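This briefing concerns a predicted model. It covers aromatic ring pairs first and then the geometry and exposure of one helix.

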Amino acid sequence: MAKTPKVTLEDPRGRRSSVLTRTPQPSRDRFGRFTEWIARAMGTPLFLLILSLFCVAWISWNTLMPGMLRFDSAANGFTALTLMLSLQASYAAPLILLAQNRQDDRDRVQIEQDRQRAERNLADTEYLAREVVALRMALADVTEQVITREVLRQELRTLFEQLDDREQRDESAAP
């Protein structure tokens, strides 16, 4: 008997035994896109027109053609046509539901992203509001300390008087 080589987790996937390898599975996304395509196609006026023309052609063929060429009897209520339309409807309903489920999943993700974006916007707005309040408070402090022209003139007069007094003292002190 041949020995099977010991395979460790450090080995690349291709060298592992067949027990650990996964068989490729068909893409679920591809089937989902197919169901959405079917759902979109069935909801168009063109599909309804083609289906209606098909039914009219079927009924016309089976009523107007000679008996040997007919394949669905009007006496039996066009059983084959009814069976085909029932089969089409039985496949259409689940495909449409699958497409709706995919759309619901996308909507759920979009709603979550919108909620996160709204939370970020709210946090940014609150931060900006706090900054505006801080700026207003800083401006209020500055405006309380604003020197008006009259106060400035009064201060300048006081300084000039002090300078004049100093000059007079210096002149009287000098011989």
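**Aromatic pairs and helix α2**

By the ring-centre criterion of 6.5 Å, the count of aromatic pairs in this predicted model comes to four. Phe-54 and Trp-58 form a tilted pair, because their ring centres are 5.7 Å apart and their planes stand at 55 degrees.

*Ring pairs involving Trp-58*

- Phe-54 and Trp-58 both belong to helix α2 (residues 45-64), where a spacing of four residues separates them by about one helical turn.
- Phe-54 has a relative accessibility of 35% and therefore counts as partly exposed.
- Trp-58, at 10% relative accessibility, counts as buried.
- Trp-58 also pairs with Phe-71: the ring centres lie 4.9 Å apart with the planes at 85 degrees, so this pair is edge-to-face.
- Because Trp-58 lies in helix α2 and Phe-71 in the loop between α2 and α3 (79-144), their pair ties together parts 13 residues apart in sequence.

*A further aromatic group*

- One aromatic cluster is formed by Phe-31, Phe-34 and Trp-37.

*Geometry and faces of helix α2*

- The 20 residues of α2 should span 28 Å at 1.5 Å a residue, which agrees with the 28 Å between its end C-alpha atoms.
- Cys-55, Trp-58 and Asn-62 are the buried residues of α2.
- These buried residues cover an arc of only 60 degrees around the axis, so they lie on the same side of α2.
- Pro-45, Leu-46, Leu-53, Val-56 and Leu-64 are exposed on the other side of α2.

Key:
Residues numbered from 1 in each chain as written. Predicted model: local features only at pLDDT ≥ 70, side-chain atom pairs only at ≥ 80, totals over all residues. Heavy atoms only, no water. Phe/Tyr/Trp six-rings, centres within 6.5 Å; stacked < 30°, edge-to-face > 60°. Helix = DSSP H or I, 4+ residues; strand = E, 2+ residues; numbered from the N terminus. Buried < 20%, exposed > 50% of the residue type's maximum accessible area, 1.4 Å probe, protein only. Expected span 1.5 Å × (residues − 1). Arc of directions from axis to C-beta.
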